[in-house]
Amino acid sequence: MHMQKKKGLSTKAVVATGIGTAVFIILFKFLAIPTGIANTQINVAQAWLSLIASIFGPLVGGLVAFIGHALNDGISYGSIWWSWVIADGAFGVLIGFFARYLHVTSGTFTTKKIIGFNIAQIVSNIIAWLIIAPLGDIFIYSEPAAKVFTQGVVSASLNSISTAVLGTAIIAIYTRTQTKKDSLEYEA
């Protein structure tokens with residue numbers, strides 16, 4: 001009997017997206033720390049997003065960030081700033097893509113994996129906040145380049161630091177809760 005491969009998101013991925021988005025919105029709305037640069041803050045939701053994307057992959061990571069950011073903008077400001085929503089979604093996809101090589105569900109988060117995660121998240125933050133967000137601001141909203149690239153530099157820098165500290169910690173804590181691969185021993 002030939003079985004056709006199921007397409008779309010699994011039930012687990014849909015649930016992870018829903019719960020992940022809800023937590024992302026709460027963190028994004030209530031735990032963002034102002035920087036003094038207009039519309040730019042330290043976003044602790046990135047740490048949560050790093051964990052979700054590391055466990056469930058790039059599609060769930062991208063959806064959580066995209067939907068969460070869009071809903072937060074709509075709730076908080078009454079309109080959605082699409083260039084930053086797209087950038088956040090891209091960050092979720094990128095970190096999910098890179099993080100799948102970390103195998104965080106294997107129960108180990110070694111120094112090598114921590115370094116790899118932080119290189120990946122810094123590259124992902126640079127792409128999202130120094131390229132996608134400013135160019136989107138310029139092309140979609142005709143914002144001044146100097147303003148949006150300043151916001152991009154601040155966002156990429158602070159999100160990288162926040163994710164390095166909080167994201168690394170939350171992933172390390174999560175991996176400690178997982179059974180290490182090949183850790184079961186045969187008892188005679």
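Hi everyone, let me start with how helices are compared here: an axis is a line fitted to C-alpha atoms, for helices over the stretch in contact, and angles run from 0 to 180 degrees between N-to-C directions. This is a predicted model, where local features need pLDDT of at least 70, side-chain atom pairs count only at pLDDT 80 or more, and totals for chains, interfaces and linings use all residues. Residues are numbered from 1 along each chain as its sequence is written, and side-chain values use heavy atoms, leaving out hydrogens and water.

Helices are DSSP runs of H or I with at least four residues, numbered from the N terminus. Take H5 (residues 111-141) and H6 (residues 145-176): their axes come within 8 Å and cross at roughly 155 degrees. H5 and H6 are therefore roughly antiparallel, the word for angles over 145 degrees. Their contact holds 16 nonpolar, 11 polar and 1 charged residues. Nonpolar here means Ala, Val, Leu, Ile, Met, Phe, Trp, Tyr, Cys and Pro; Asp, Glu, Lys and Arg are charged, and the others, Gly among them, are polar.

Now to H1 (residues 11-30), which packs against H3 at about 40 degrees, with the axes 8 Å apart. H1 and H3 are therefore oblique, meaning outside the ranges under 35, 65 to 115 and over 145 degrees.

What about the surface? Ten side chains need no full roll call, but Phe 66, Trp 82 and Leu 135 are among those forming a nonpolar patch with about 920 Å² of accessible area together. Patch members have over 30% relative accessible area and no salt bridge, with nonpolar side chains (Val, Leu, Ile, Met, Phe, Trp, Tyr) joined within 5 Å and like charges within 9 Å. Areas come from the Shrake-Rupley method with a 1.4 Å probe, and for residues only the protein chains shown count as cover. A salt bridge puts a side-chain nitrogen of Lys or Arg within 4 Å of a carboxyl oxygen of Asp or Glu. H3 (58-77), H4 (82-99) and H5 each supply at least two patch residues; Leu 135 lies in H5.
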